[in-house]
Amino acid sequence: YLLQQLHSRYCLTTVQDIRYVDADGKLYDTSAAVARGVHERSQVATRYADGTVTVVNGNQTERLVTTVFGRQVDLPPNGYAGWTADGKIEVFSGDRAGHRCDYAVSPAYLYVDGRGRFTRFARAASNGPAVCRFLPGGQYEIIPLKDTECGFAINAKSAVALDKAGQELGPATLRVARGLTYVAPVTGAFSYRLAGALPP
């Protein structure tokens with residue numbers, strides 16, 4: 001879920017620009033990066049023909065801090081980020097206050113993983129992996145893996161707990177806090193279908 005929607009964009013187009021990042025955050029094209037040895041840092045920003053951008057910090061010890069293609073980026077070792085020119089898809093795998101976390105926004109779903117610490121983003125928050133799928137008819141399916149506490153920036157009037165086969169187990173309770181909707185856990189539930197929703 002973290003990368004699926006981003007992959008669906010850049011895998012269908014061609015690379016337009018590749019830039020390598022040095023220790024001071026300066027960007028170099030491939031020829032200049034190789035000449036200066038900057039490529040050995042493994043910090044790469046790529047822009048594709050449709051405007052999609054990916055930024056990857058393949059360095060094992062150094063942060064990647066730069067402004068690339070109009071956006072400020074700060075990634076820890078092995079962190080990465082990506083976004084589309086139309087703003088519909090955004091992916092982040094990095095850190096907040098030194099703690100690693102993941103977040104993805106797309107037209108198909110929201111994904112968040114606080115990796116053991118409750119972490120809030122603009123449209124989702126959690127202490128573990130969770131996804132909110134957008135269903136037809138203004139409905140949603142929330143899948144909290146590993147008993148994750150999670151909230152999403154959606155509006156709903158009711159929720160039904162589902163087992164792994166998609167069979168209804170009964171109603172679930174909703175609560176809203178700081179603009180995010182949470183579902184109270186139901187024993188045996190794999191996911192929750194939310195109804196009466198309005199577009200986020």
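In the predicted model, strand β4, spanning residues 53-57, pairs with strand β7, formed by residues 80-83, in the antiparallel sense over four bridges. Within this pairing, V53 has W83 of β7 as its bridge partner. Strand β7 also pairs with strand β8 (residues 90-96), again in the antiparallel sense and over four bridges. In this second pairing, A81 stands opposite F92 of β8. The connection between β7 and β8 is a hairpin with six residues between the two strands. In its turn, G87 adopts a positive phi of about 75 degrees.

The nonpolar interior was examined next. The largest nonpolar core comprises 31 residues, and those with the most contacts inside it are V55, I142, F152 and L194. Strand β9, covering residues 99-105, gives the most to this core, contributing three residues. A second core of eleven residues is separate from it and includes L6, Y10, V91 and Y111. Beyond its neighbours within four places in sequence, V55 is in contact with V44, A45, L64, V68, V73 and L75, and also with G79, Y80, A81 and W83. Of these partners of V55, A81 is the residue standing opposite F92, and W83 is the bridge partner of V53.

Two serine residues were considered individually. S191 lies in strand β20, which runs over residues 191-195. The relative accessible area of S191 is 1%, under the 20% limit, and the residue is therefore classed as buried. Apart from neighbours within four places in sequence, S191 is in contact with E141, I142, I143 and P144, as well as with V160, A161 and L162. Among these residues, E141 is joined to S191 by a polar contact of 2.6 Å between the two side chains, while I142 is one of the residues with the most contacts inside the largest nonpolar core. The C-alpha atom of S191 is separated by 30 Å from that of Y10, a residue 181 positions away along the chain; Y10 is included in the second core.

S126 is located in strand β12, composed of residues 124-126. With a relative accessible area of 0%, S126 falls under the 20% limit and so counts as buried. The side chain of S126 reaches the backbone nitrogen of G114 at 3.1 Å. When residues up to four places away in sequence are not counted, S126 touches V112, D113, G114, R117, F118 and T119, together with T148, E149 and C150.

Key: Residues numbered from 1 in each chain as written. Predicted model: local features only at pLDDT ≥ 70, side-chain atom pairs only at ≥ 80, totals over all residues. Heavy atoms only, no water. Pairing = 2+ DSSP bridges. Buried < 20%, exposed > 50% of the residue type's maximum accessible area, 1.4 Å probe, protein only. Contact = heavy atoms within 4.5 Å. Polar contact = N/O pair within 3.5 Å; in protein donor to acceptor, adjacent residues only side chain to side chain. Core = buried A, V, L, I, M, F, W, Y, C linked by side-chain atoms within 4.5 Å.
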